[in-house]
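Me: Got a minute to go through this model with me? I'd like to talk helices.

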Amino acid sequence: MNSTIEELHKDHKNIAKLLNLLKIQTEHLQAGDHVDSLQITNIMDYFINYPDIYHHPNEELIFDYLKQRNINTADLIDEINSDHQTMASAAIEIQDEVRQIMCDAVFSRENLVDKLNHYISAYFLHIDIEEDELFPLAEKILDDDDWQFIHAEIKREDDPLFGEKLNNEYEELYKSILNSVDET
Ligand SMILES: [Fe+2]
């Protein structure tokens, strides 16, 4: 597998771990059980500060090359790129709402559950399309020169949660991820 695609694939696996944790909290919320609101805000914080800023623009860079090489991919790529915008706005919206709830704001449980469920399922579907359709096409269609330009243009940033150095603010979240792995 191409090393750039491999990095993006690794990000997807990490994002999926967090979406699964978010799903568990959403189920607690729906059932009226105790919810770890801090965990939700930490997950959203990571999504806002890593995938939305680095992972998605890097994918868009590859997809732009792919679109130039094969115009038939244009509609799907436009859709996927617009998903990135929608998902980023939804993450900020969810983050704001959960933070307000933590400050005792009145909220609609049902509405927040719907927003979270929609965010989670849309994200999983989005990743599946990238993994099953766009990444294989990029590997097939782009040539060595394209990849060299992509490598030169790609933004590289240490992953603050799954990278070499764990950022202090994600310590609790990191423990939750380890615990969830133990349970499976
Ligand atoms: Fe992605």
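Me: Before we start, what makes a crossing left-handed?
Reply: A crossing is left-handed if the near helix is turned anticlockwise from the far one by less than a right angle. Keep in mind that this is a predicted model.

Me: OK, so which hand do we get where α1 passes α5?
Reply: Left-handed, going by how α1 passes α5.

Me: And at what angle do the axes of α1 and α5 cross?
Reply: Roughly 160 degrees, with the axes of α1 (residues 3-31) and α5 (residues 109-141) coming within 10 Å. Angles over 145 degrees count as roughly antiparallel, so that's what α1 and α5 are to each other.

Me: What kinds of residues make up the contact of α1 with α5?
Reply: It divides into 15 nonpolar, 4 polar and 4 charged residues.

Me: Switching to α3. How many residues does it have, and how far does it reach?
Reply: α3 runs over residues 51-69, so to speak 19 residues, and reaches 25 Å from its first C-alpha to its last. That's close to the 27 Å expected at 1.5 Å a residue.

Me: Which residues in α3 are buried?
Reply: P51, H55, H56, N58, E59, I62, F63 and L66. They cover an arc of only 155 degrees around the axis, so they sit on the same side of α3.

Me: What about E60, where is that?
Reply: E60 is in α3 too. E60 counts as partly exposed because it has 14 C-beta neighbours inside 10 Å.

Me: How far is E60 from H84, C-alpha to C-alpha?
Reply: 9.1 Å, though E60 and H84 are 24 residues apart along the chain.

Conventions:
Residues numbered from 1 in each chain as written. Predicted model: local features only at pLDDT ≥ 70, side-chain atom pairs only at ≥ 80, totals over all residues. Axes fitted to C-alpha atoms, helices over the stretch in contact; angles between N-to-C directions. Helix = DSSP H or I, 4+ residues; strand = E, 2+ residues; numbered from the N terminus. Parallel < 35°, antiparallel > 145°, perpendicular 65-115°, else oblique. Nonpolar A, V, L, I, M, F, W, Y, C, P; charged D, E, K, R; others polar. Expected span 1.5 Å × (residues − 1). Buried ≥ 20, exposed ≤ 12 C-beta atoms within 10 Å, placed from the backbone. Arc of directions from axis to C-beta.
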